[in-house]
Amino acid sequence: MRVDRAWVERNLGFDPITTPPPPSTFAVAKAAATQAPEDLRREMIDFDSEASAGREFFAFSSATGLSRFTDIPWPTGFAPKTGPTPSARSNAPLPRADVLVVTWTVDEGHALSRVLTPGKDSRNDYKPYTRNFATLAKKMRAGCPAREAGRLGAYWTTRIHGKKVVVFKSDSHMSQDGPQLPNRDVWRQIIDDVRPKLVLTTGTAGGIGTQFEVGDVIVSPVVRFDCTSKFKAEPFALDHYESTPANPKYFATAKTLFKANAGQLPKDNTRAPSIVRVSPSNGLGKSVVTTDFFGFDTSDDHYKLQGLGDVSEMGDAVLGLVAEDMGDQAPRWVAVRNVSDPQIKADGLTPKQQAALAAQIYKGFGRWSSVCSAIVCWALIAAE
């Protein structure tokens, strides 16, 4: 799929170039004012479809919110069982569990919690996590999400097919925390707390190539850095990391479970969402690509992402870096990324205008594509 202004207008009800959304639809005032790519990236992190900006966005566009969410018809004995209220203090370690699932943006958190912790929402209900916050915050730049929130993230627990799971919505981000990369320290700390056998990092991403549609899910034990900006001088700038291939036992079931909410994905989608398995044997052209800039695939390959992997995002390779640091003590890990915005048709658009299209597509469909990746996380946990 390759999308343009007409595609956005058909699927979201407006053309972001000729009829930009009003400032009230933005969570980040600076993003509304500048429309600069880096400000739009912060907008995608902070945009909350369940808050006032979300309500304004729905009034302006034809997008739908999670009030339309349809409960998933889980197979008997496999439904997630939301855990009780965590009793520990916010500055205590996370509880031990078999699996740690981490997501990143506000809307990804809403979607993941709807699927894995029914009845508990990541924004309204999850327990704040502040362990060693004062120390780690010293490494973070002023104004980053974690420092503004006064925490490293929030969490809840669930059980899936007998496995205990910690579901963690991170407020620490590689792209936001600053040049000392404290997100690396956060990853190590939460893994040391939970001591999981499996770690899943999950959320939205930009599809690389025309083969992907909104809602497709990439399941990859291969991640790679493509750092050409903030971290280009770091020794890891172009490194890649590998883990154990994912167990696809319940992927066919997951695809049937997509159907409950697939009607909220773009009407221009030509097929049901697919699950794309990556293994180290596929080569580096099949992977999740972590950039240190707000990059996305375009028809003219402006950001030089084509051939590097399947999707681009801004953080998963940090998990690979931490796992390498841990050596034999590292858990298995998998990146589970949904395509929230496909390749952008570059013809006649500046890079800034292309970024505006990508951001608005995310705001329209990021939560719904994240429902798909959350279901795939369920499938991976059930197969443990």
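**Two pockets and a helix pair**

So, let's start with the lining of the largest pocket: α3 (37-46), α5 (106-116) and α7 (145-149) each put at least two residues into it. Bear in mind that this is a predicted model. The space in that pocket comes to about 220 Å³. There are 15 lining residues, and the closest to the centre are Asp46, Val106, Arg151, Lys169 and Asp171. What does the lining look like by class? You get eight charged residues, four nonpolar and three polar.

Okay, on to the second largest pocket, with about 180 Å³ of space. Here 13 residues do the lining, and Glu38, Arg141, Ser175, Gln176 and Lys230 are the ones closest to the centre. Which helices supply at least two residues each to this lining? That would be α3 again, along with α8 (174-177). By class, the lining splits into seven charged, three polar and three nonpolar.

Since α3 keeps coming up, let's see how it packs. Its axis and that of helix α12 (residues 351-382) come within 10 Å, crossing at roughly 5 degrees. Anything under 35 degrees counts as roughly parallel, so that is what we call α3 and α12. Who makes the contact? From α3 we have Pro37, Leu40, Glu43 and Met44, and from α12 there's Ala355, Ala356, Ala359, Tyr362 and Lys363. Sort those by class and you find seven nonpolar residues, two charged and no polar ones.

To wrap up on α3: this helix helps line the largest pocket, helps line the second largest one, and runs roughly parallel to α12.

Methods:
Residues numbered from 1 in each chain as written. Predicted model: local features only at pLDDT ≥ 70, side-chain atom pairs only at ≥ 80, totals over all residues. Heavy atoms only, no water. 1 Å grid on protein atoms, 1.4 Å probe; cavity = no way out; pocket = protein on both sides within 12 Å on 5 of 7 lines; lining within 4 Å. Points joined across faces, edges and corners; volume = space filled by probe spheres on them. Helix = DSSP H or I, 4+ residues; strand = E, 2+ residues; numbered from the N terminus. Nonpolar A, V, L, I, M, F, W, Y, C, P; charged D, E, K, R; others polar. Axes fitted to C-alpha atoms, helices over the stretch in contact; angles between N-to-C directions. Parallel < 35°, antiparallel > 145°, perpendicular 65-115°, else oblique. Contact = heavy atoms within 4.5 Å.
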